[in-house]
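Q: Please take a close look at how the strands in this structure are paired. I would also like to know which side chains are packed around them.

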Amino acid sequence: ANGNAKQTIVSNWLKNGSANAQIHDETELTEIENVKGEETFEKNGDKITWQADGKDIYYQGTTEKALPVTEKVTYFMDGKEMSPEDMAGKSGKATIRFDYTNNEKTTQVIDGETYEVYVPFTVMTGMILPEDYANVEVTNGKVISDGDKKVVVGMAMPGLKESLAIEEGDLKEDI
């Protein structure tokens, strides 16, 4: 409910355009599992060799590595900050705010000058709500109804404004 990750699962797709019998990869992932086939692998340190038999490999694993983007979720009921547990069963104007932090900066030389810029990420957040939720609005996103439920999707690009040195009011149009 607060945006903290409980587990981080990474999905990889190794494209086998040359139809190789084996595909070599490097990974720090643990608990590796083939999610779309029966192909097996051998792991030696960070090196992994898949017995691909000419096929693409789709695998997942877990990591303890810090996430490149983190989020903070804050809840409000009728303008007052509140925990989601305290909001349960109440009615009123509920607001859920998602704030994202881009944790990946890199130093780049652009036109001979050195800049610190964020690695570009697009973050999407979504939820499905019952159709009886009224007046659902989203900033930087969209609300879609299929008559049975509402789908709310929001989008953010954390760090982009800082990387481009954009100030409030610099952009005349909604983007």
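A: In this predicted model, three strands make up an open sheet in the order β8-β7-β9, and their pairing is antiparallel. The edges of this sheet are β8, residues 80–81, and β9, residues 94–102, each of which pairs on one side only. Strand β7 covers residues 69–77 and is joined to β9 by nine antiparallel bridges. Within this pairing, lysine 72 has aspartate 99 of β9 as its bridge partner. The loop between β7 and β8 contains aspartate 78, a residue other than glycine whose phi is nonetheless positive, near 50 degrees. Aspartate 78 counts as exposed because its relative accessibility is 53%, where the cut-off for that class is over 50%.

A further set of pairings centres on β5. Strand β2, residues 22–26, runs antiparallel to β5 and is joined to it by five bridges; in this pairing aspartate 25 stands opposite isoleucine 48. Strand β4, residues 41–44, also pairs with β5 in the antiparallel sense, here over four bridges, and glutamate 42 has threonine 49 as its bridge partner in β5. β4 and β5 form a hairpin with two residues between them, and glycine 45 in the turn has a positive phi of about 65 degrees. Beyond β5, the loop leading to β6 holds aspartate 53. Its phi is near 50 degrees, again a positive value in a residue other than glycine. Aspartate 53 is exposed, because its relative accessible area of 61% lies over the 50% limit.

Which residues make up the largest nonpolar core? There are nine: Leu14, Ile23, Leu29, Ile32, Ile48, Trp50, Ala52, Ile57 and Tyr59. At least two of these residues come from β5 (47–51), and at least two come from β6 (57–63). In general terms, nonpolar side chains tend to be buried together in soluble globular proteins. Among the core residues, isoleucine 57 illustrates the packing: leaving aside residues up to four places away in sequence, isoleucine 57 touches Asn12, Trp13, Leu14, Ile23, Glu39, Trp50 and Ala52. A second core, separate from this one, has five residues, including Val73, Met77, Met82 and Met87.

The aromatic side chains can be followed from the larger core outwards. Three aromatic pairs are counted. In one of them, the rings of phenylalanine 41 and tryptophan 50 have their centres 4.7 Å apart and their planes at 50 degrees, a tilted arrangement. The two partners differ in burial: phenylalanine 41 is partly exposed because its relative accessible area is 31%, whereas tryptophan 50 is buried because its value is 0%, the limit for burial being under 20%. Tryptophan 50 also pairs with tyrosine 59; the centres are 5.2 Å apart and the planes meet at 35 degrees, so this pair too is tilted. Both tryptophan 50 and tyrosine 59 are buried. Phe41, Trp50 and Tyr59 together form one aromatic cluster.

Polar and charged groups also meet these aromatic residues. Asparagine 34, in strand β3 (residues 30–34), is buried because its relative accessible area of 16% falls under 20%. Not counting residues up to four places away in sequence, asparagine 34 touches Glu39, Trp50, Tyr58 and Tyr59. The side chains of asparagine 34 and glutamate 39 are joined by a polar contact of 3.0 Å. A polar atom of the asparagine 34 side chain also lies 3.0 Å from the backbone nitrogen of lysine 36. Lysine 36 in turn lies over the face of tyrosine 58, 4.5 Å from the ring centre. Elsewhere, lysine 15 places its charged end over the ring of tryptophan 13, 4.3 Å from the centre of that ring.

Isoleucine 128 offers a contrast with the core residues. Is isoleucine 128 buried or exposed? Isoleucine 128, which lies in strand β12 (residues 123–130), is exposed because its relative accessible area is 59%, over the 50% limit. Leaving aside its neighbours within four places in sequence, isoleucine 128 is in contact with Lys149, Lys150 and Val151. From asparagine 44, isoleucine 128 is separated by 84 residues in sequence and by 42 Å in space, C-alpha to C-alpha.

Terms used
Residues are numbered from 1 along each chain as its sequence is written. This is a predicted model: local features need pLDDT of at least 70, side-chain atom pairs count only at pLDDT 80 or more; totals for chains, interfaces and linings use all residues. Side-chain values use heavy atoms; hydrogens and water are left out. A nonpolar core is a set of buried Ala, Val, Leu, Ile, Met, Phe, Trp, Tyr and Cys residues joined through side-chain atoms within 4.5 Å. Buried means under 20% relative accessible area, exposed over 50%, partly exposed in between (1.4 Å probe, protein chains only). Contact means heavy atoms within 4.5 Å. Two strands pair if DSSP finds at least two bridges between them. Rings of Phe, Tyr and Trp (its six-membered ring) pair if their centres lie within 6.5 Å; planes under 30 degrees apart count as stacked, over 60 as edge-to-face and the rest as tilted. A charge sits over a ring if NZ of Lys or CZ of Arg is within 6 Å of the ring centre and within 35 degrees of the ring normal. A polar contact is a pair of N or O atoms within 3.5 Å; within protein, one must be able to donate a hydrogen and the other to accept it, and residues adjacent in sequence count only if both atoms are side-chain atoms.
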